[in-house]
Amino acid sequence: MVRYALFAVAVVLMISKGSAWAQDANAGKAVFNKSCATCHAADGAPKEAIAKMLKVEIPHLGAKSVQEKSDADLKKVITEGVGKMKPVKGLSDKDLAGVIAYMRTLKQS
């Protein structure tokens, strides 16, 4: 009986963890749309007109090269910028976590 109770608790914890991640991703999408949509489409694709204007290649955010970065690396790129990408200012840690969770949903197969 104890074995089944422990299993049930583990399942509930996994479901709640997944649910919290989904909430972070949903909240992150709103922040992404406000803070990142100038250069990145909602599906993570680069906006070609911006890339052309800046004379840079903007990677798709679902690309393997982006997705293989750690959360800490993505946070650094977002908050400090890289190349011609300017840093995104004024995001809370919760907002950053949400944007990164949303970016993870853009992974290409």
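**Figure 1. Lysine 75 and its salt-bridge partner in the predicted model.** Lysine 75 is partly exposed, because its relative accessibility is 35%, and in this predicted model its side chain meets that of aspartate 93 in a salt bridge with an N to O distance of 3.5 Å. The pair joins distant parts of the chain, since lysine 75 belongs to helix 4 and aspartate 93 to helix 5, with their positions 18 residues apart in the numbering sense of being 18 residues apart. Aspartate 93, for its part, has a relative accessibility of 57% and therefore counts as exposed.**Figure 2. The salt bridge between arginine 104 and aspartate 71.** A search of the whole structure finds two salt bridges, and one of them is formed by arginine 104 with aspartate 71, whose closest N and O atoms are 2.7 Å apart. This pair, too, links distant parts of the chain, with arginine 104 in helix 5 and aspartate 71 in helix 4, 33 residues apart. Aspartate 71 counts as partly exposed because its relative accessibility is 44%, a value that lies between the 20% limit for buried and the 50% limit for exposed residues.

**Figure 3. Overview of the chain as a setting for the close-up views.** The protein chain has five helices and zero strands, and when it is read along the sequence the pattern is α-α-α-α-α. Of its 109 residues, 28% count as buried. Among the contacts in the chain with a separation of 6 or more, 52% are made by residues that stand 24 or more positions apart.

**Figure 4. The largest nonpolar core.** This core holds 15 residues, of which Phe32, Leu61, Ile78, Leu91, Val99 and Met103 touch the most other members. At least two residues of the core come from each of helix 1 (2-35), helix 4 (71-80) and helix 5 (93-104), and the largest share, five residues, is supplied by helix 5. Leucine 61, viewed apart from its neighbours within four places in sequence, is in contact with Phe32, His40, Gly44, Val66, Gln67, Met103 and Leu106.

**Figure 5. Histidine 40 in the loop between helix 1 and helix 2.** Histidine 40 is placed in the loop that runs between helix 1 and helix 2, and it is buried because its relative accessible area is 12%, whereas the limit for a buried residue is under 20%. Not counting residues up to four places away in sequence, histidine 40 touches Phe32, Ala45, Lys47, Ile58, Pro59 and Leu61. Two of these partners, Phe32 and Leu61, are also among the core residues that touch the most other members.

**Figure 6. The largest pocket and its lining.** The largest pocket encloses about 690 Å³ of space, and 27 residues line it, with His40, Ile58, Val77, Val82 and Met85 the closest to its centre. Helix 1, helix 2 (48-54), helix 3 (64-67) and helix 4 each contribute at least two residues to this lining. By residue class, the lining divides into 18 nonpolar, five polar and four charged residues.

**Figure 7. Lysine 55 and its positive phi.** Lysine 55 is found in the loop between helix 2 and helix 3, where its phi is positive, at about 60°, although the residue is not a glycine. Most residues other than glycine have a negative phi. Lysine 55 is exposed, because its relative accessible area is 74%.

**Figure 8. Lysine 84 beside the end of the sequence stretch around leucine 54.** Lysine 84 lies in the loop between helix 4 and helix 5, and it is exposed because its relative accessible area is 51%, the limit for this class being over 50%. Apart from residues up to four places away in sequence, lysine 84 touches Leu54, Lys55 and Val56. The C-alpha atoms of lysine 84 and leucine 54 are separated by 7.5 Å, although these residues are 30 residues apart along the chain.

**Figure 9. Alanine 49 in helix 2.** Alanine 49 lies in helix 2, and it counts as exposed because its relative accessibility is 62%. Between the C-alpha atoms of alanine 49 and cysteine 39, which are 10 residues apart along the chain, the separation is 8.7 Å.

Conventions
Residues numbered from 1 in each chain as written. Predicted model: local features only at pLDDT ≥ 70, side-chain atom pairs only at ≥ 80, totals over all residues. Heavy atoms only, no water. Core = buried A, V, L, I, M, F, W, Y, C linked by side-chain atoms within 4.5 Å. Buried < 20%, exposed > 50% of the residue type's maximum accessible area, 1.4 Å probe, protein only. Helix = DSSP H or I, 4+ residues; strand = E, 2+ residues; numbered from the N terminus. Contact = heavy atoms within 4.5 Å. 1 Å grid on protein atoms, 1.4 Å probe; cavity = no way out; pocket = protein on both sides within 12 Å on 5 of 7 lines; lining within 4 Å. Points joined across faces, edges and corners; volume = space filled by probe spheres on them. Nonpolar A, V, L, I, M, F, W, Y, C, P; charged D, E, K, R; others polar. Salt bridge = Lys/Arg side-chain N within 4 Å of Asp/Glu carboxyl O.
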